[in-house]
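Welcome! Take a moment to turn the model around on your screen, and then let's walk through it together.

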Amino acid sequence: MNNTRLYAIGEVARRTGLSVSAIRFYSDEGIVTPAEVTAAGHRLYDVHAIARLEFVSTLRELDAGLDDIRRLLDGRVTLSELATAHLSRLDEQARRIRSRRAVLRTIARQHTEAEQVILMHKLVGMSDEERDRLFDDFWNEISEGLQISPEFLELMRNGPLVLPDEPATEQLEAWIELANLLQDADFRREVKKALRETFSGPAAAMMTSAEMVGAFQRGGEIFVRAQEAQQAGEPADSPLGREIAGLYAAHLGEITETPDSREYREKLAADVLDIERLHLESIEEAATSTDPYTRYQSLVAIIDGTAKEAAEFMPFAWLSAALKASASPSDPVSP
């Protein structure tokens, strides 16, 4: 293309793929002005203006606004800054679309009444602070008077309820259901009653003590180490496997006041497989149970992503094999 030649608007339209009216519009808006206007009023464009029009056309296809394009061309904002700001707006639009999809999917599935539609729309638009306040109000009510340690209560609450920055439709649907339940007086009453029945008496007080919470968390850390070793391809009968088995035996031995032995590790190997069975049963129960507190836990697990983690958490067979390997006659086990 000749750098000095001027092109009529029809030729510019052919070269850029823009309509003549669009080129005139950009000229009238002061975004891409012609290099020259003839006495007869015909607009002529040089190669720089044509390149500018093509650039503007690309930005418009990316949904950039005219004001943003004008600021970019005037040098008041960089292309990187414009892209970052536009990406942020697109992310927010995507979040709103996901929220609306979740509401519509719930409406279609539940044949929701008009009043509930308004409520659901408000629920998915809640801020983190509003969700925290709803969550706190719920727990303050249902835990009132429970004779359990603050540590165990915090373990049950599982921290603040946070939707991910880009929640899946399943998570938004779970949030709609949960937020409705958290505000339901009957649901709160049922959960409160269930917790009273579960955590009453001396045995419950002991099992929910700070000491037991600490022991539970230490045991969980050992299971996580077993999971990590398994995922890394570490054989159960390797030195690391025997080390983890030893930590688990020592941990359970301290709780039950049982001295370490080969027989004890054989028993623990069988017990770990029972834990695996209970783990799988709890996942299945959470998906189908009508118990109010179990349903609450299931919805929270979907929202915070721990439901997927729980389904994938399967170090039990590996740890059982490690315990068996560490109980072999060739392994030194403390008497």
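What percentage of the 335 residues in the chain is made up of buried residues? Buried residues make up 39% of them. Keep in mind that this is a predicted model. The chain holds 17 helices and 3 strands, so this tour spends its time on helices and the loops between them.

**The chain as a whole**

- The chain exposes about 19,300 Å² of surface, and carbon and sulfur atoms supply 54% of that area.
- Take the contacts between residues at least 6 apart in sequence: 67% of these join residues at least 24 apart.

**Helices α3 and α4, and the loop between them**

- Helix α3 covers residues 47–61 and helix α4 covers residues 66–73. Their axes come within 10 Å and cross at roughly 140°.
- Why is this pair called oblique? Angles over 145 degrees count as roughly antiparallel, and those that fit none of the named ranges count as oblique; the crossing angle here is roughly 140°, and that makes α3 oblique to α4.
- The crossing of these two helices, α3 and α4, is right-handed.
- On the α3 side, the contact is made by R52, F55, V56, L59 and R60. On the α4 side, L66, I69, L72 and L73 take part.
- Sorted by character, the residues of this contact are 7 nonpolar, no polar and 2 charged.
- D63 sits in the loop between α3 and α4. D63 is not a glycine, yet its phi is positive, at about 70°.
- Is D63 buried or exposed? With 57% relative accessibility, D63 counts as exposed, the cut-off for that word being over 50%.

**L82 in helix α5**

- L82 belongs to helix α5, which spans residues 79–110.
- L82 has a relative accessible area of 5% and is therefore buried, since buried means under 20%.
- Which residues does L82 touch, leaving aside its neighbours within four places in sequence? L82 is in contact with L59, D68, L72 and V77.
- Two of these names may look familiar: L59 of α3 and L72 of α4 also belong to the contact between those helices.
- L82 and L72 are 10 residues apart in sequence, and their C-alpha atoms are 7.4 Å apart in space.

**Helices α7 and α9**

- Helix α7 (residues 128–142) packs with helix α9 (residues 169–182) at an angle of about 45°, and their axes are 10 Å apart. That angle makes α7 oblique to α9.
- The crossing of α7 with α9 is left-handed.
- R131, L134 and F138 are the α7 residues that meet W175, A179 and L182 of α9. This contact divides into 5 nonpolar residues, no polar and 1 charged.
- W175, placed in helix α9, has a relative accessible area of 0% and is buried.
- W175 and V300 are 125 residues apart along the chain, with their C-alpha atoms separated by 8.0 Å.

**Helices α12 and α17**

- Helix α12 (residues 210–231) and helix α17 (residues 316–326) pack at an angle of about 95°, with 9 Å between their axes.
- Why do these two helices count as roughly perpendicular? The range for that label runs from 65 to 115 degrees, and the angle here is about 95°, so α12 and α17 are roughly perpendicular to each other.
- F223, A226, A229 and Q230 of α12 make this contact with F316, W318 and L319 of α17. These residues divide into 6 nonpolar, 1 polar and no charged.

**Helix α14 and the loop before it**

- E257 is found in the loop between α13 (239–256) and α14 (262–288). Phi of E257 is near 55°, a positive value in a residue other than glycine.
- E257 is exposed, with a relative accessible area of 72%.
- R277 has its place in helix α14. R277 is partly exposed, at 40% relative accessible area.
- How far apart in space are R277 and F316, C-alpha to C-alpha? The distance is 9.4 Å, and the two residues are 39 apart in sequence.

How values were computed: Residues are numbered from 1 along each chain as its sequence is written. This is a predicted model: local features need pLDDT of at least 70, side-chain atom pairs count only at pLDDT 80 or more; totals for chains, interfaces and linings use all residues. Side-chain values use heavy atoms; hydrogens and water are left out. Axes are lines fitted to C-alpha atoms, for helices over the stretch in contact, and angles run from 0 to 180 degrees between N-to-C directions. Helices (H or I, at least four residues) and strands (E, at least two) are DSSP runs, numbered from the N terminus. Angles under 35 degrees count as roughly parallel, over 145 as roughly antiparallel, 65 to 115 as roughly perpendicular and the rest as oblique. A crossing is left-handed if the near helix is turned anticlockwise from the far one by less than a right angle, and right-handed if clockwise. Contact means heavy atoms within 4.5 Å. Ala, Val, Leu, Ile, Met, Phe, Trp, Tyr, Cys and Pro count as nonpolar, Asp, Glu, Lys and Arg as charged, and the others, Gly among them, as polar. Buried means under 20% relative accessible area, exposed over 50%, partly exposed in between (1.4 Å probe, protein chains only). Accessible areas come from the Shrake-Rupley method with a 1.4 Å probe; for residues, only the protein chains shown count as cover.
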